[in-house]
Amino acid sequence: MSVSFVQGLENVVVSETEISFLDTDVEKIVIRGQDLIELSSTKRYLDIVYLLLEGELPDESKRLMLQNDLSEKQTIPKELLQVFSLFSKDYHPMDAQRTGVSILANYDSYIGDNSAAMNKQRAYKLLAQLPTLTANSYRILNNQEVISPLNDLSYSANFLYMITGDIPSEEEEIIFDKSLLLYSEHEMPNSTFTARVIASTNADLYSALTGAVGSLKGNLHGGANEAVMYLLNEAGNVKQFEKILYEKLQNKEKIMGFGHRVYMKKMDPRAQIMKESLKSLCNHDGDDTLLEMCEAGETIMREEKGLFPNLDYYAAPVYWKLNIPIPLYTPIFYCSRAAGLSAHVIEQHDNNRIFRPRVNYIGKQY
Ligand SMILES: CC(=O)SCCNC(=O)CCNC(=O)[C@H](O)C(C)(C)COP(=O)(O)OP(=O)(O)OC[C@H]1O[C@@H](n2cnc3c(N)ncnc32)[C@H](O)[C@@H]1OP(=O)(O)O
Ligand SMILES: O=C([O-])CC(=O)C(=O)O
């Protein structure tokens with residue numbers, strides 16, 4: 001039997017879905033029939049959460065109900081905080097998140113029920129709890145005080161508040177919210193595929209979403225946003241950044257934040273929006289250094305490699321300007337993506353066939 005093999009499953013269709021599609025012909029990120037980039041100018045992250053999980057955009061009262069519902073569910077079991085305090089201090093918040101999501105399954109008495117209704121309830125609860133879990137895992141790992149959510153803040157303002165300890169300005173809240181919106185769903189990246197593969201065994205949503213944390217951690221996927229910021233900081237100025245990039249290219253090293261399996265010859269449209277956010281943050285504090293460095297990097301990568309920035313490239317300096325600690329960049333990506341991941345798990349459970357591919361054997365003769 002001969003089976004065709006495509007390394008990395010490039011352009012292989014693994015699923016039918018009603019959730020999302022990257023239509024590069026018309027440059028749209030289609031989420032349930034609507035373009036995420038267009039939505040980003042008028043809608044908030046919770047609108048997209050609702051769209052992903054309910055199939056339509058909410059009106060104002062439904063969005064408010066969702067906001068209130070999530071506010072009520074934000075607290076996390078105190079045992080989780082105790083577990084985080086047992087970790088070694090060099091544990092990454094992504095590891096804590098992986099363990100945390102897994103432990104939350106222990107508090108679900110209907111764990112065997114994979115119905116869409118139960119999964120939706122789980123998804124909303126997870127979305128409510130993830131910011132509290134994420135901010136406090138970092139705080140505990142860094143010997144900081146545990147922080148409680150502020151119920152009267154919006155979802156994104158509260159999330160940012162729990163990270164930095166300061167109530168954000170309106171501009172900061174809107175920019176952070178936009179980053180969550182842009183990260184919320186992106187068709188079939190590695191983490192979504194991971195979640196769907198796990199869900200296809202009839203395993204529960206927590207198992208699928210725990211696996212997805214692991215997938216997102218790597219620097220070829222979500223981990224790239226942290227790697228970008230470490231590189232920008234290592235350089236510190238435009239000249240040094242250019243020097244480092246040329247050296248890395250000479251050594252055939254990959255530059256984090258560039259390239260994408262689907263956006264090969266154009267910039268990730270989400271990166272362009274995030275670049276605008278960086279510009280306004282630079283305008284606000286009067287320091288353009290990071291913007292200038294990023295633009296210099298864009299030019300070099302375009303001229304030398306024909307490569308363009310992905311979302312992580314511009315998310316990194318935006319998060320830096322929002323005073324977010326670097327080890328939280330990828331966990332934040334995950335918190336946002338939990339919406340899309342949950343929608344995919346629900347869809348997989350609702351129309352399931354187990355994933356079970358084949359191999360081309362190239363081992364010893366038999
Ligand atoms: C939100 C997100 O998760 S977006 C992705 C975030 N990840 C990153 O930014 C990591 C850096 N980028 C990469 O590693 C890749 O571009 C990926 C993982 C995003 C896509 O990978 P693939 O589609 O498998 O592309 P692949 O790695 O095969 O690259 C194709 C060619 O472009 C080169 N290339 C791709 N990305 C980069 C990069 N960032 N820097 C330098 N060269 C690159 C490769 O070396 C390869 O060159 P070659 O044909 O001469 O060997
Ligand atoms: O689509 C991908 O492969 C990675 C990505 O940009 C995302 O998950 O947002």
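I began with His260, and in this predicted model I found His260 in the loop that runs between helix 12 (238-250) and helix 13 (269-285). I then counted its surroundings: His260 has 20 other C-beta atoms within 10 Å and is therefore buried, since 20 or more is the cut-off for that label. Setting aside neighbours within four places in sequence, I noted that His260 is in contact with Asp268 and Asn310.

I looked up why His260 might deserve an entry, and the unreviewed UniProt entry lists His260 and Asp312 under "active site". These two are spread over 53 residues of sequence, yet I see that they cluster in space, with a largest C-alpha distance of 10.7 Å.

I turned next to Asp312, which I placed in helix 15 (residues 311-321). Asp312 has 29 other C-beta atoms within 10 Å, so I entered Asp312 as buried. Not counting residues up to four places away in sequence, I listed Ala224, Asn225, Val228 and Gly257 as the residues that Asp312 touches.

I then went to the ligands, and around ligand 2 I found His186, Pro189, His260, Arg261, Val262, Asn310 and Leu311. Sorting this shell by class, I obtained three nonpolar, three polar and one charged residues.

Which residues come nearest to ligand 1? Of the 18 residues around ligand 1, I recorded Ala224, Phe258, Gly259, Arg261 and Asn310 as the nearest. The shell around ligand 1 divides, by my tally, into seven nonpolar, seven polar and four charged residues.

Methods:
Residues are numbered from 1 along each chain as its sequence is written. Chains are lettered from A and ligands numbered from 1 in the order in which they are written. This is a predicted model: local features need pLDDT of at least 70, side-chain atom pairs count only at pLDDT 80 or more; totals for chains, interfaces and linings use all residues. A residue is near a molecule or strand if its C-beta atom, placed from the backbone, lies within 6 Å of it. Ala, Val, Leu, Ile, Met, Phe, Trp, Tyr, Cys and Pro count as nonpolar, Asp, Glu, Lys and Arg as charged, and the others, Gly among them, as polar. UniProt positions are given in the numbering used here, feature names are shortened, and annotations may be inferred rather than shown by experiment. Helices (H or I, at least four residues) and strands (E, at least two) are DSSP runs, numbered from the N terminus. A residue is buried if 20 or more other C-beta atoms lie within 10 Å of its own, exposed if 12 or fewer, and partly exposed in between; C-beta atoms are placed from the backbone. Two residues are in contact if their C-beta atoms, placed from the backbone, lie within 7 Å.
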